[in-house]
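Here is a short report on one model. It covers an aromatic cluster, the strand pairings and one helix.

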Amino acid sequence: MSNSDKEPRWAQGLAKPPAWRSDGTETVFENPWMAVTRHPSTAPTGMKADYAVVRFKNVGTGVLPIHDDGTVTLVGQQRFAHANYSWEMPEGGAPLDEDPFDGVRRELAEEAGLVAEHWAPALSVEMSNSITDEIGMTWIAWGLSDTATAPDPSEVITVVRVPFLDLLDEIGRGTVRDMLTVATAYRAYHMAMTGALPEALARALLGRL
């Protein structure tokens, strides 16, 4: 079953309106990372529309690396679109023909200089799903050890290690805004609170509570 076929338990059996219908496709822009397609289309209401979609050629991947003492590794780097300096967990793009798990393990090593013995899936999310088809997939990783970094030629990365609850505080203050990082941090909190992480790791993660 694909992610698009899954639905919440409360939605099972509920009637749904007709799906959007594309009545044609034109590629208006394309580069190695994405394409923009334009579609004469029909809305669920039957109204005609001129719709454009940003279609990504990578799956967005990310990992929250948790150390045995409850600290997490984050990376800081300049981002172009918002012209800001962003604090994030290690992230990257996995080509559509690559297993996203292979891609995220590569990003953990390249950006943070870490390898992990243990991994747990965290999230599979749709990013800005009204105008893009981008998918994000994230993991929690622990049992960490060091390896060599290999940042992208366009990246200057700062690596920091901070208490997990400090990360939650900064998310609340609005100083950490990367969506995959924000969502995965809250997911890690939920996993720690509900027994989905090893007990010792969860206690270390929530140590200030």
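W139 counts as buried, because its relative accessibility is 9% and the cut-off for burial is under 20%. The model is a predicted one. F101 counts as partly exposed, because its relative accessibility reaches 23%.

A search of the whole structure finds four aromatic pairs. In one of them, the ring centres of F101 and W139 lie 5.7 Å apart. Their planes meet at 40°, so the pair is tilted. The stacked class ends under 30 degrees and the edge-to-face class begins over 60. This pair links distant parts of the chain. F101 belongs to helix α1 (residues 100–112), and W139 to strand β10 (residues 135–146). The two residues are 38 residues apart. W119 joins F101 and W139 in one aromatic cluster.

**Strand pairings**

Three strands make up an open sheet, in the order β7-β6-β11. The pairing is antiparallel. The edge strands are β7 (84–88) and β11 (158–163), and each pairs on one side only. From one strand to the next, the twist averages 30°.

Elsewhere in the report's scope is the pairing of β2 and β3. These strands are joined by a hairpin through three residues. The table sets this pairing beside that of β6 and β7.

| Strands | Sense | Bridges | Opposite residues |
|---|---|---|---|
| β6 (residues 71–79) and β7 | antiparallel | five | R79 and N84 |
| β2 (residues 26–30) and β3 (residues 34–42) | antiparallel | four | E26 and R38 |

In the β6 and β7 pairing, N84 is the β7 residue that R79 faces. In the β2 and β3 pairing, R38 is the β3 residue opposite E26.

**Helix α2**

Which residues of helix α2 (residues 164–173) are buried? They are F164, L165, L167, L168 and I171. Why do they lie on the same side of α2? They cover an arc of only 150° around the axis, and therefore share that side.

What covers these buried residues? The cover includes strands β5 (58–65), β6 and β11. It also includes helices α3 (179–193) and α4 (199–205). Two of these strands, β6 and β11, also belong to the open sheet in the order β7-β6-β11.

Just after α2 comes G174. G174 takes a positive phi of about 85°.

Conventions: Residues numbered from 1 in each chain as written. Predicted model: local features only at pLDDT ≥ 70, side-chain atom pairs only at ≥ 80, totals over all residues. Heavy atoms only, no water. Pairing = 2+ DSSP bridges. Axes fitted to C-alpha atoms, helices over the stretch in contact; angles between N-to-C directions. Phe/Tyr/Trp six-rings, centres within 6.5 Å; stacked < 30°, edge-to-face > 60°. Buried < 20%, exposed > 50% of the residue type's maximum accessible area, 1.4 Å probe, protein only. Arc of directions from axis to C-beta. Contact = heavy atoms within 4.5 Å.
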